[in-house]
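Colleague: Got a minute to go through this one with me? I'd like to see how each label is earned.

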Number of protein chains: 2
Amino acid sequence: MLEIDKQSPLPIYYQIEAYLKQQIDDGLLKPGDTLPSEREFSEQFHVSRMTIRQAIMNLVNAGYLSRQKGRGTFVASQKIAMTLSGLTSFSEEIKHRGMRPLSRLLSYEVIPATDRIAQQLSIPNQTPVYEMKRLRLADDHPLALETAYIPVHLLPDLTQDDATGSIYAYAEQHGLRLKNATQTLEARSAGPEEAKLLTISPNAPVLLIDQRTYLEDGGMFEYSRSLFRGDSYSFTVAMDRI
Amino acid sequence: MLEIDKQSPLPIYYQIEAYLKQQIDDGLLKPGDTLPSEREFSEQFHVSRMTIRQAIMNLVNAGYLSRQKGRGTFVASQKIAMTLSGLTSFSEEIKHRGMRPLSRLLSYEVIPATDRIAQQLSIPNQTPVYEMKRLRLADDHPLALETAYIPVHLLPDLTQDDATGSIYAYAEQHGLRLKNATQTLEARSAGPEEAKLLTISPNAPVLLIDQRTYLEDGGMFEYSRSLFRGDSYSFTVAMDRI
DNA sequence: CTCTATAATCTGTTCAGACAACTAGTTTAA
DNA sequence: TTAAACTAGTTGTCTGAACAGATTATAGAG
């Protein structure tokens with residue numbers, strides 16, 4: 001039974017939201033199950049119906065619940081929720097698939113932005129940017145080849161050591177607030193050098209993923225281009241409102 | 001200037017939402033612009049602040065706006081909104097890219113579901129399903145090869161003619177409410193027959209997209225597998241909360 | 001026993017107001 | 001001059017209430 005702490009700095013709706021999400025993740029609430037009505041929740045937790053509503057609506061948007069006017073609130077099928085709440089960090093994703101992630105830094109330098117990179121990052125030509133090439137491995141098997149570009153002025157003190165770990169974590173520790181990203185996927189054939197690094201034969205199919213990462217204030221943080229081995233990586237995405 | 005119709009069957013928040021979306025799409029509100037505060041809107045439209053909030057929050061979730069506590073509400077960069085509101089129909093997407101979509105029905109039959117298809121559709125083995133193969137063209141150039149499976153009991157009266165047009169539209173006209181879909185993408189090499197139909201050389205890279213479409217009640221509507229030409233198709237997706 | 005009207009229950013929408021937390025600019029004190 | 005305190009403005013959270021619209025169960029009429 002959930003105890004709500006109205007004194008907590010965490011909002012009440014957030015506490016209820018986390019509680020329900022836990023119940024679903026733990027399997028105590030199964031897909032198709034009917035949830036108590038808003039009024040019942042409201043009395044049970046001694047909070048306003050609008051507060052309950054906010055918790056429920058967030059879970060509906062995240063794909064955990066579904067509701068129908070006049071009928072009630074139901075637990076949604078699980079797969080959608082998994083893919084809708086976008087976990088993006090390479091390390092997290094590999095761990096989630098039950099493998100051990102590893103990165104090898106192939107190169108690290110500061111270069112003036114070329115036309116294409118400047119355009120992708122929405123910055124003037126020749127602006128200094130970090131260029132970092134990394135080989136991504138899962139259980140010691142090469143999985144992807146990534147080239148990332150970040151404007152130097154956003155992270156002026158970044159060192160080669162920092163680049164070995166998670167850049168996202170480093171950025172957030174230095175006051176940058178990342179908000180969202182867009183990815184563009186395409187099928188390509190691997191070139192000779194790429195094939196060698198990924199230990200596949202030349203012209204084998206690879207998934208080319210261009211990623212643009214945005215900051216809270218709307219500015220761009222990073223542009224990266226990755227090549228994933230076609231035989232060992234697939235990408236899943238959920239879409240609403242067809 | 002927007003006139004709100006409080007007698008309209010359309011909710012007030014929805015009218016405000018549509019009005020703001022229009023302003024953004026028309027370029028009257030540009031990325032980075034600051035919106036009036038909630039209180040100002042509230043007085044301007046003579047509605048409660050909570051109603052304004054609901055309109056704004058929906059647009060924030062759709063990627064059109066962003067907000068910061070203590071600062072205000074701002075128009076977000078456009079690309080994200082475009083990809084976040086998931087337009088999925090092949091025809092719509094091709095039109096959106098300024099091309100002319102066309103479908104050629106290659107085969108249409110009712111078969112008992114094989115293991116793989118039954119599993120993908122969450123139905124018992126051997127259940128009758130429609131199998132429809134279509135070649136998708138954009139401006140008369142072959143773009144994709146699609147094989148779709150739909151349980152017969154969901155659309156018992158489907159004819160070959162119906163299958164030539166939009167199945168989604170047909171399903172909705174017959175009382176089925178589609179809710180969402182998941183897509184899994186992978187890079188592959190084209191086989192000999194596939195290559196011939198797509199007019200590419202054998203072993204050329206193709207994008208394999210598996211799609212599962214769900215109904216409002218949580219049941220599955222369709223499983224389809226498409227092969228897109230790697231040289232002429234890319235797929236974009238937006239992700240929140242990194 | 002069947003069909004229809006009614007009632008109860010549910011989510012959806014809207015309101016007016018209150019206080020908290022954060023931001024940015026201004027004023028005051030050292 | 002500089003730093004701290006204050007203030008006005010903004011979004012975030014929460015309350016309690018009311019009515020609308022959809023769905024389901026129930027009671028009553030035929």
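Modeller: Sure, and keep in mind that this is a predicted model. The side chain of B:T127 reaches the backbone oxygen of B:P124 at 2.5 Å.

Colleague: What makes that pair, at 2.5 Å, a polar contact?

Modeller: The cut-off is 3.5 Å between N or O atoms. The side chain of B:T127 comes to 2.5 Å from the backbone oxygen of B:P124, so the pair falls within the 3.5 Å limit.

Colleague: And where is B:T127 found?

Modeller: In chain B, in the loop between α6 (115–121) and β4 (128–138).

Colleague: Why is B:T127 called buried?

Modeller: Buried means under 20% relative accessible area. B:T127 has 15%, so B:T127 counts as buried.

Colleague: Which residues is B:T127 in contact with, leaving aside neighbours within four places in sequence?

Modeller: B:I111, B:P112, B:A113 and B:H153. Contact here means heavy atoms within 4.5 Å.

Colleague: On to the DNA. Which residues are closest to strand D?

Modeller: A:I12, A:Y13, A:S48, A:T51 and B:R67, out of 27 residues that surround DNA strand D. To be counted as near, a residue needs a heavy atom within 4 Å of the strand.

Colleague: How do you know what part of DNA strand D the protein approaches?

Modeller: Take the atoms of DNA strand D within 4 Å of the protein: 68% belong to sugar or phosphate, and the rest to bases. For example, a backbone polar atom of A:S48 is 2.8 Å from a phosphate oxygen of DNA strand D. B:T73 has a side-chain N or O atom 3.1 Å from a phosphate oxygen of that strand.

Colleague: What makes A:R49 a polar contact to a base nitrogen of DNA strand D?

Modeller: A polar side-chain atom of A:R49 lies 3.4 Å from a base nitrogen of DNA strand D. The limit is 3.5 Å, so the pair qualifies.

Colleague: Which element gives the most to the surface near DNA strand D?

Modeller: α3(A), with four residues. By residue class, that surface divides into six nonpolar, nine polar and 12 charged.

Colleague: And what about DNA strand C, which residues are closest there?

Modeller: A:R49, A:R67, B:I12, B:Y13 and B:T51, with 27 residues surrounding DNA strand C. Sugar and phosphate make up 69% of the atoms of DNA strand C that come within 4 Å of the protein.

Colleague: Which side chains have an N or O atom close to a base of DNA strand C?

Modeller: Among them are A:R39, with a side-chain N or O atom 3.2 Å from a base oxygen, and B:R49, where the partner is a base nitrogen at 3.3 Å. On the phosphate side, a polar side-chain atom of A:T73 lies 3.2 Å from a phosphate oxygen of DNA strand C.

Colleague: Which element supplies the largest share of the surface near DNA strand C?

Modeller: α3(B), with four residues. The classes there are six nonpolar, nine polar and 12 charged.

Colleague: Last one: how is chain A divided?

Modeller: Into domain 1 (12–75) and domain 2 (80–236). The centres of these two domains of chain A, taken over C-alpha atoms, are 36 Å apart. The secondary structure of chain A comes to nine helices and nine strands, and 48% of its 242 residues count as buried.

Conventions:
Residues numbered from 1 in each chain as written. Chains lettered and ligands numbered in written order. Predicted model: local features only at pLDDT ≥ 70, side-chain atom pairs only at ≥ 80, totals over all residues. Heavy atoms only, no water. Domains from an automatic or database assignment. Polar contact = N/O pair within 3.5 Å; in protein donor to acceptor, adjacent residues only side chain to side chain. Helix = DSSP H or I, 4+ residues; strand = E, 2+ residues; numbered from the N terminus. Nonpolar A, V, L, I, M, F, W, Y, C, P; charged D, E, K, R; others polar. Buried < 20%, exposed > 50% of the residue type's maximum accessible area, 1.4 Å probe, protein only.
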